[in-house]
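Q: Please take a close look at a single part of this structure for a reader who has not met it before. A connected account would be welcome, with a word on how far the model can be read in detail.

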Amino acid sequence: MENMPRNPATDLDPRTTRPAEEHATDVAPSAEILSAGAPPVGGGIWHGSPDLGRANEMSAASAIGHLGIEFTELGVSHLIGRMPVDHRTCQPFGILHGGASVLLAESLVSCAATFVAAPGKACVGMEINANHLRPVTSGWVTGTARPISLGRRSQVWEVRIVDGRGRLVCISLCTMAVIDAP
């Protein structure tokens, strides 16, 4: 990999590592972002052709859909989703429930890890932690999941959740185990 041409505009976050036999695919800047509803596209760290519309469909009847979480954007090496701050996601004092933030973070990572997993592999959560930094009482929060390490047996992801004004609300780390698909 040391001899591979590098493109800072499209390469992974410099903190991200991959096993020697894996690599990130360069993607033209015009194809860096896929919004929900757009046709599936491959490239970046993703295997195959991830489909955000299908991911949202599959999530609709689960806790993800019940809390109003939507996967909204797929970049070369990140996945973005959002969640409303309303009666479903607030605690009795009227502020965003920390557990809802954790559910948003784990939902983003689970979806992203699935998109990264090689054919015949699946990803399951091993550990998650979260630091809640700012209260939110209304609007939407948006989370961005980025890989820190993409190994053959485990993945580590960081999720930054911000409020509608771009202020950091929560930061989370999630470790996923890569297993043989059932």
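A: In this predicted model, arginine 82 lies over the face of tryptophan 140, at 3.6 Å from the ring centre. Arginine 82 also has a charged partner: its side chain meets that of glutamate 70 in a salt bridge, with 2.8 Å from N to O. Glutamate 70 belongs to strand β2 (residues 70-74) and arginine 82 to strand β3 (residues 79-84), so this pair ties together parts that are 12 residues apart in sequence. Both ends of the bridge count as partly exposed, because the relative accessible area is 31% for glutamate 70 and 29% for arginine 82, and the class runs from 20% to 50%.

Arginine 82 appears again in the surroundings of valine 141. Leaving aside neighbours within four places in sequence, valine 141 is in contact with Arg82, and its other contacts include Gly81, Met83, Leu96, Leu104 and Ile161.

Valine 141 leads on to the nonpolar interior. The largest nonpolar core has 38 residues, and Val141 is one of those that touch the most other members, together with Trp46, Phe71, Leu79, Leu96 and Trp157. At least two residues of this core come from each of α1, β2, β3, α3 (98-116), β5 (140-150), β6 (154-162) and β7 (168-180). Helix α3 gives the largest share, 10 residues.

Trp46 deserves a further remark. The model has one aromatic pair. It is formed by tryptophan 46 and phenylalanine 115 in an edge-to-face arrangement, with 6.2 Å from centre to centre and 90 degrees between the planes. Tryptophan 46 lies in the loop between β1 (34-35) and α1, while phenylalanine 115 is in helix α3, so the pair ties together parts that are 69 residues apart in sequence. Both tryptophan 46 and phenylalanine 115 are buried.

The salt bridge of arginine 82 can be set beside others. Side chains of opposite charge can pair when their charged atoms come close. The count for this model comes to six salt bridges. One of them joins the side chains of glutamate 57 and arginine 54, at 3.5 Å from N to O. These two residues both lie in helix α1 (residues 52-59), three residues apart, which is about one turn of the helix. Glutamate 57 is exposed, with a relative accessible area of 56%, whereas arginine 54 is partly exposed at 45%.

Another salt bridge links the side chains of glutamate 158 and arginine 160, at 3.3 Å from N to O. Here glutamate 158 counts as buried, because its relative accessibility is 10% and the cut-off for that class is under 20%. Arginine 160 is partly exposed, with a relative accessible area of 38%.

A note on confidence completes the account. The chain averages a pLDDT of 83, and 76% of the residues score at least 70. Over residues 1-32, however, pLDDT stays under 50, and the model has 48 contacts beyond four places in sequence for this stretch. Residues 37-41 also stay under 50, with nine such contacts beyond four places in sequence. Where pLDDT is low, the predicted coordinates should not be read in detail.

Terms used:
Residues are numbered from 1 along each chain as its sequence is written. This is a predicted model: local features need pLDDT of at least 70, side-chain atom pairs count only at pLDDT 80 or more; totals for chains, interfaces and linings use all residues. Side-chain values use heavy atoms; hydrogens and water are left out. A salt bridge is a side-chain nitrogen of Lys or Arg within 4 Å of a carboxyl oxygen of Asp or Glu. Helices (H or I, at least four residues) and strands (E, at least two) are DSSP runs, numbered from the N terminus. Buried means under 20% relative accessible area, exposed over 50%, partly exposed in between (1.4 Å probe, protein chains only). A nonpolar core is a set of buried Ala, Val, Leu, Ile, Met, Phe, Trp, Tyr and Cys residues joined through side-chain atoms within 4.5 Å. Contact means heavy atoms within 4.5 Å. pLDDT is the predictor's confidence in each residue, from 0 to 100. Rings of Phe, Tyr and Trp (its six-membered ring) pair if their centres lie within 6.5 Å; planes under 30 degrees apart count as stacked, over 60 as edge-to-face and the rest as tilted. A charge sits over a ring if NZ of Lys or CZ of Arg is within 6 Å of the ring centre and within 35 degrees of the ring normal.
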